[in-house]
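Open the model in your viewer and keep the sequence panel beside it. We will go from stop to stop, selecting a few residues each time.

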Amino acid sequence: MRLKRTDEFRKDAVRIALTSGLTRKQVLMIWVSACRR
């Protein structure tokens, strides 16, 4: 269950990153901080 949710979140993060112009490193930092909550 958790893996599926993480996979969906990763897809959303990639989509948001591509549309917002963030760098891959910025997206990674956001993703890591979100996963720690």
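In which helix is the place of Val27? Select Val27 and colour by secondary structure: the residue sits in helix α2, which covers residues 24-35. Keep in mind along the way that this is a predicted model.

**The whole chain**

Zoom out for a moment before going on. The protein has 2 helices and 0 strands, so a cartoon view shows helices α1 (residues 2-20) and α2 (residues 24-35) under the DSSP-based assignment. Now switch on the surface. About 3700 Å² of the protein is accessible, and 61% of that area belongs to carbon and sulfur atoms. Of the 37 residues, 8% count as buried.

**Val27 and its contacts**

Go back to Val27 and show its side chain. Is Val27 buried or exposed? Its relative accessible area is 15%, and because the cut-off for buried is under 20%, Val27 counts as buried. Next, add Ala13, Ala17 and Leu22 to the selection. Val27 touches these three residues, leaving aside residues up to four places away in sequence. Ala13 and Ala17 fall within the range of helix α1, residues 2-20.

**Arg10, across from helix α2**

Now select Arg10, which is found in helix α1. Arg10 has a relative accessible area of 41%, which makes it partly exposed. Draw a distance from its C-alpha atom to that of Val27: the two are 9.8 Å apart in space and 17 residues apart in sequence. Then draw another to Leu28. Arg10 and Leu28 are 18 residues apart along the chain, with 9.7 Å between their C-alpha atoms.

**The salt bridges**

How many salt bridges does the count come to? The count is 2, and we can visit each pair in turn.

Start with Asp7 and Lys11. Their side chains meet in a salt bridge, at 3.8 Å from N to O. Both residues lie in helix α1, 4 residues apart, or about one turn of the helix. With the surface on, compare the two partners: Asp7 is partly exposed at 32% relative accessibility, whereas Lys11 is exposed at 54%. Lys11 counts as exposed because the cut-off for that label is over 50%.

Move on to Asp12 and Arg15. In this salt bridge the closest N and O atoms are 3.5 Å apart. Asp12 and Arg15 are 3 residues apart in helix α1, so about one helical turn separates them. Asp12 is partly exposed at 37% relative accessibility, and Arg15 is partly exposed too, with a relative accessible area of 46%.

**Last stop: Cys35**

Finish by selecting Cys35, which lies in helix α2. Cys35 is partly exposed, with a relative accessible area of 39%. Which distance separates the C-alpha atoms of Cys35 and Thr6? Draw it in your viewer and you should read 8.6 Å, for two residues that are 29 residues apart along the chain.

Conventions. Residues numbered from 1 in each chain as written. Predicted model: local features only at pLDDT ≥ 70, side-chain atom pairs only at ≥ 80, totals over all residues. Heavy atoms only, no water. Buried < 20%, exposed > 50% of the residue type's maximum accessible area, 1.4 Å probe, protein only. Areas by Shrake-Rupley, 256 points an atom, 1.4 Å probe, with all protein chains shown as cover. Contact = heavy atoms within 4.5 Å. Salt bridge = Lys/Arg side-chain N within 4 Å of Asp/Glu carboxyl O.
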